Amino acid sequence: MSALQNILSRLVETPLIFDGAMGTMIYDKGVFIQTCYDELCLTSPGLVREIHEQYAKAGAEVLETNSFGANRIKLRPYGLAEKVAEINRAAVKLARQAAGQDLYVAGSVGPCTQGGQVIAGGEIAEVEAAFREQVKALAGEGVDLVILETFSDLKELQLAARIAREEGVPVLASFAVDEEGETAAGTPAEKLAAALEADPHVDAIGLNCGTGPAGMYEALLKILPVVSKPVVVMPNAGMPRTVGGRTLYLANPEYFTEYAKKFIELGVRGIGGCCGSTPEHIATAARAVRGLSGVRRHIEVVSRRPAPAQQNIIPTAEKSRLAAKMFSGRKVTSVEILPPRASDFSNMLAKVRRCHEAGIDAINIPDGPRASARVSPMITALVILKEVGIEPVVHYCCRDRNLIGMQSDLLGGYAVGLTNYLIITGDPPKLGNCPEATGVFDVDAIGLTKVVSNLNAGWDIGGSPVDPPTGILIGVGANPCAVDLEREIDRYFQKIEAGAEFAITQPVFDAEALLRFLDRVERYAKRIPVLAGVWPLLSYRNAEFMNNEVPGVVVPQEILRRMAGCGSGDESRHAGIEIARTICAEIHDRVAGFQVSAPLNNVEIALAVLGKSEG
């Protein structure tokens with residue numbers, strides 16, 4: 001066993017990245033499927049070690065040994081039954097060579113039976129002996145974890161778990177499910193998970209193989225409510241398809257990664273890949289998962305009250321024109337316009353002037369939307385304020401700057417007249433056009449909200465007085481369609497306690513979901529105005545992109561079908577405007593106003609949604 005932190009405590013602390021498929025990689029390197037892949041640890045050690053090294057380079061933190069079928073029963077047809085110990089020891093050594101001192105090595109153990117089979121009474125002794133022989137070799141060579149994977153028979157899985165535990169090694173018991181959420185033996189995922197939760201020989205529960213990311217997601221929704229042990233997910237790279245006589249898995253790394261992030265949001269503690277996954281899948285997922293705010297440790301920010309002698313605290317309603325209108329109970333409107341990619345502001349300013357003339361209250365300026373590099377939103381907002389006079393709302397995310405830089409920006413922005421801010425955690429860099437960039441995330445949106453609230457109370461991040469205090473209007477994000485709604489609501493309340501004064505939601509395509517969210521949060525003792533985010537769709541392709549690629553956005557199937565039925569671009573655009581108008585009408589009485597995005601910076605579409613243009 002390595003000198004690393006115990007893998008179970010590490011799983012609880014922050015999610016771990018497991019590697020991807022071994023068999024897929026071996027096959028791609030030209031080894032026929034009739035070959036015993038486990039024996040390659042002896043006959044082609046360089047090939048196996050190279051695959052481990054590729055996964056280590058991709059960012060995997062746990063490398064699985066090439067020993068899935070290295071038990072006496074599975075090796076017997078190849079005439080290799082007497083090489084069980086030799087193959088398994090070699091498998092661990094090869095993985096350890098690639099892992100070094102920084103990565104974990106997990107011993108891979110597959111079932112002795114074929115998928116869907118159940119151990120017969122007379123087979124139990126033979127199967128038990130086979131598992132004991134293999135696990136003893138893996139444990140003796142010092143694996144950090146035994147992964148019992150792709151099982152379908154609960155009885156066999158629990159037998160293997162007991163044997164592994166007797167060898168003193170942590171046990172991850174993983175089973176395979178199909179798209180219906182059942183094992184090949186017909187057991188519902190939640191029933192099997194509940195049995196493993198109660199099994200004292202099982203330390204962590206896993207789902208692997210059998211289905212792709214989407215199917216795995218549905219199974220997770222069923223098993224997470226019945227387990228408290230750490231859960232590890234390793235889906236296939238989509239469902240297999242036969243192309244030209246070859247079995248391929250068609251889920252690309254980006255699709256795979258979108259689900260990896262959703263798994264983490266649900267509370268999964270480990271992410272990896274099974275059949276069809278490659279180092280590219282793992283590399284893409286690893287960058288995105290490590291960039292998620294919830295995976296990082298944040299600096300703890302203490303909320304401070306105004307000093308007793310502090311007399312010049314600015315009331316919320318007096319912080320800006322937007323605040324005055326919002327807190328008077330009148331509906332406010334804003335249009336979101338992207339900062340330019342280059343230094344020429346003329347085209348953007350023409351659109352801003354059009355909004356100002358139409359009576360829009362504010363212009364929202366995103367901060368590196370989807371982690372893309374554009375002109376600084378603060379500089380953009382300052383130009384808008386000086387050249388047009390309409391108030392900007394500056395989106396400020398925690399991704400790109402450390403805490404010192406953020407405070408400096410906020411103090412400087414306020415000093416030159418930028419008073420309205422939307423505090424957001426920010427998308428991980430992998431989503432953008434510079435995926436190798438790192439995310440800072442000293443704090444998340446809750447922590448930064450505390451920082452700004454402290455500045456408003458006359459204190460900086462070091463506890464020194466700020467005189468005069470700032471009068472920043474603090475906005476925060478809200479997601480009525482979050483994967484884990486309970487977590488989202490809890491974070492929403494934490495943002496209010498941290499000092500949030502208003503909220504803007506993710507684009508709303510499901511009015512009922514927003515109303516349900518408002519029903520929940522309005523019961524809270526402290527309430528803040530909520531502006532509904534609205535995105536007029538341009539096409540079916542745009543609707544699909546929003547639904548599949550934009551974190552936190554859900555487009556209902558009926559809207560997808562409506563957009564799919566549109567013919568021309570004009571028809572699609574008008575349908576998108578009409579859908580947005582209908583949503584606004586349904587929620588009008590429950591929100592403080594609307595923040596309408598201008599797709600492709602076409603402000604006429606946004607104004608049409610608000611009834612200020614024909615579109």
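The following exchange concerns cores, a helix pair and backbone geometry in a predicted model.

Biologist: Which helix gives the most to the largest nonpolar core?

Modeller: The largest nonpolar core has 86 residues, and those with the most contacts inside it include Val335, Tyr421 and Phe594. Apart from this core lies another, of 79 residues, among them Ala60 and Ile282. In the largest core, seven residues come from the helix that gives the most, which is α22 (residues 569-587).

Biologist: Are α17 and α18 roughly parallel or roughly antiparallel?

Modeller: The axes of α17 (residues 445-457) and α18 (residues 485-498) come within 8 Å and cross at roughly 15°. Angles under 35 degrees count as roughly parallel. Therefore the relation of α17 to α18 is roughly parallel.

Biologist: How do the residues of the contact of α17 with α18 divide into nonpolar, polar and charged?

Modeller: From α17, Ala445, Ile446, Thr449, Lys450 and Ser453 take part, and they meet Arg491, Gln494, Lys495 and Ala498 in α18. The residues of this contact divide into three nonpolar, three polar and three charged.

Biologist: Which residue does a cis peptide bond join to Asp467?

Modeller: Most peptide bonds are trans. Here omega is about 5° for the cis bond that follows Asp467. The partner, found in the loop between α17 and β15 (473-478), is Pro468.

Biologist: Is Leu600 buried or exposed?

Modeller: Leu600 has a positive phi of about 55° although it is not a glycine, and its place is in the loop between β18 (593-597) and α23 (603-609). Exposed means over 50% relative accessible area. Because its relative accessibility is 78%, Leu600 counts as exposed.

Note on methods. Residues numbered from 1 in each chain as written. Predicted model: local features only at pLDDT ≥ 70, side-chain atom pairs only at ≥ 80, totals over all residues. Heavy atoms only, no water. Core = buried A, V, L, I, M, F, W, Y, C linked by side-chain atoms within 4.5 Å. Buried < 20%, exposed > 50% of the residue type's maximum accessible area, 1.4 Å probe, protein only. Helix = DSSP H or I, 4+ residues; strand = E, 2+ residues; numbered from the N terminus. Axes fitted to C-alpha atoms, helices over the stretch in contact; angles between N-to-C directions. Parallel < 35°, antiparallel > 145°, perpendicular 65-115°, else oblique. Contact = heavy atoms within 4.5 Å. Nonpolar A, V, L, I, M, F, W, Y, C, P; charged D, E, K, R; others polar.
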